[in-house]
Amino acid sequence: MDETSALEGIAQNSLYAAGVNTDTVLYSYEVFKRHFRGTTMLEMGPAEGVMTRLLAQTDFELSVVEGAESFCNDLRERYPGMEVNHSLFEDFAPTKKYDNIVLGHVLEHVEDPVDILSRAREWLTEDGIILAAVPNAHSLHRQAAVIMGLLTHEQQMNDADRHHGHRRVYTSEAIRHDFMQAGLNIEVFGGYWMKPVSNKQIEDNWTPEMLNAFMKLGERYPDIAGEHYVVASKST
């Protein structure tokens, strides 16, 4: 199956915006917006548009690029004034530069993340930044899964990873490596979402107040948080 067909297949049964996944995207927006700059923004891989909804409410000139046509059609209907590009990242050739490029849970999906980051680097304005979020292999819930024998090691794909089309789960060393290899300077590295148990256990038993508290706790303990985030600029 080619990449476009694979993406469309995932989109037809997508869980990107299901349950607590939505909460993680919304919190990543809260983290990212602390660092936004300039006037232009590109969101790569918006999927159902959980973050797009928030970005569209800002004053930024917003464009998106998405590989699944069904997601693109939905976004065009919801945001008729927004530039929606249906393209694989590898084929995307924007005619302008961006002050902010958002890759919310993108790099774990692509075949060659260094290549994608290198391309995105060329789409930045001189003072532009890339903001990315990825799953952390050393998250508490993955460590617990190894102890319980549910995973053989922390970077092993679980059922949710396979459903989402993940190709990897990042360690902090691996995400730093990919950014540096792409010629990017990491300005901020952190984490959010202290996740001790599975999504379903959280959805069944946690209150919104608990969820918010554990999102914030992940910022205090990034090494074992559920998600890592990076803010990076062009290396000089």
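How many bridges join strand 4 to strand 5, and in which direction do the two strands run? The answer is 6 bridges, between strand 4 (residues 98–104) and strand 5 (residues 124–135), which run parallel. The structure described here is a predicted model.

## The sheet

Strands 4 and 5 belong to an open sheet of 7 strands. Its strand order is 3-2-1-4-5-7-6, and the pairing is mixed. Strands of a sheet pair through backbone hydrogen bonds, either parallel or antiparallel. Strand 3 (83–86) and strand 6 (184–192) each have a single partner strand, so they stand at the edges, with one side of each left without a neighbour in the sheet. On average, neighbouring strands of this sheet are turned by 15° against each other, direction ignored.

Within the parallel pair of strand 4 and strand 5, one bridge can be named by its residues: Y98 has L124 in strand 5 as its bridge partner.

## Helices lying across the sheet

Two helices can be placed directly against the strands. Helix 2 (residues 20–32) lies across strand 4, strand 5, strand 6 and strand 7 (227–234). Relative to strand 6, helix 2 runs at about 130°.

Helix 4 (residues 69–78) lies across strand 2 (61–66) and strand 3. Its direction is at about 165° to strand 3.

## Helix-to-helix packing

Two packed helices are described by the angle between their axes and the distance between the axes. Helix 5 (residues 113–122) packs with helix 8 (residues 172–181) at an angle of about 45°, and their axes are 8 Å apart. Helix 5 is therefore oblique to helix 8. The crossing of helix 5 past helix 8 is right-handed. On the side of helix 5, the residues that meet the partner are P113, V114 and L117, while helix 8 contributes D178, F179 and Q181. By class, this contact has 4 nonpolar, 1 polar and 1 charged residues.

Helix 4, already placed across strands 2 and 3, also packs with helix 1 (residues 3–12). The axes of these two helices come within 8 Å and cross at roughly 60°, which means that helix 1 is oblique to helix 4. The contact is made by E8, A11 and Q12 of helix 1 together with E69, S70 and F71 of helix 4. The residues of this contact divide into 2 nonpolar, 2 polar and 2 charged.

## A buried arginine

R142 is located in helix 6 (residues 140–147). Its relative accessibility is 3%, so R142 counts as buried, the cut-off for that class being under 20%. Leaving aside residues up to four places away in sequence, R142 touches N136, A137, L151, E154, Q156, N158, D161 and V169.

R142 and I10 are 132 residues apart along the chain, and their C-alpha atoms are separated by 23 Å.

## Positive phi in two loops

Most residues other than glycine have a negative phi. H105 has a phi near 55°, a positive value in a residue other than glycine. H105 is found in the loop between strand 4 and helix 5, the strand being a partner in the parallel pair described at the outset.

W193 also has a positive phi, near 75°, and is a residue other than glycine. The place of W193 is in the loop between strand 6 and helix 9 (199–205). Is W193 buried or exposed? W193 is buried, because its relative accessible area is 1%.

Terms used. Residues are numbered from 1 along each chain as its sequence is written. This is a predicted model: local features need pLDDT of at least 70, side-chain atom pairs count only at pLDDT 80 or more; totals for chains, interfaces and linings use all residues. Side-chain values use heavy atoms; hydrogens and water are left out. Axes are lines fitted to C-alpha atoms, for helices over the stretch in contact, and angles run from 0 to 180 degrees between N-to-C directions. Helices (H or I, at least four residues) and strands (E, at least two) are DSSP runs, numbered from the N terminus. Angles under 35 degrees count as roughly parallel, over 145 as roughly antiparallel, 65 to 115 as roughly perpendicular and the rest as oblique. A crossing is left-handed if the near helix is turned anticlockwise from the far one by less than a right angle, and right-handed if clockwise. Contact means heavy atoms within 4.5 Å. Ala, Val, Leu, Ile, Met, Phe, Trp, Tyr, Cys and Pro count as nonpolar, Asp, Glu, Lys and Arg as charged, and the others, Gly among them, as polar. Two strands pair if DSSP finds at least two bridges between them. Buried means under 20% relative accessible area, exposed over 50%, partly exposed in between (1.4 Å probe, protein chains only).
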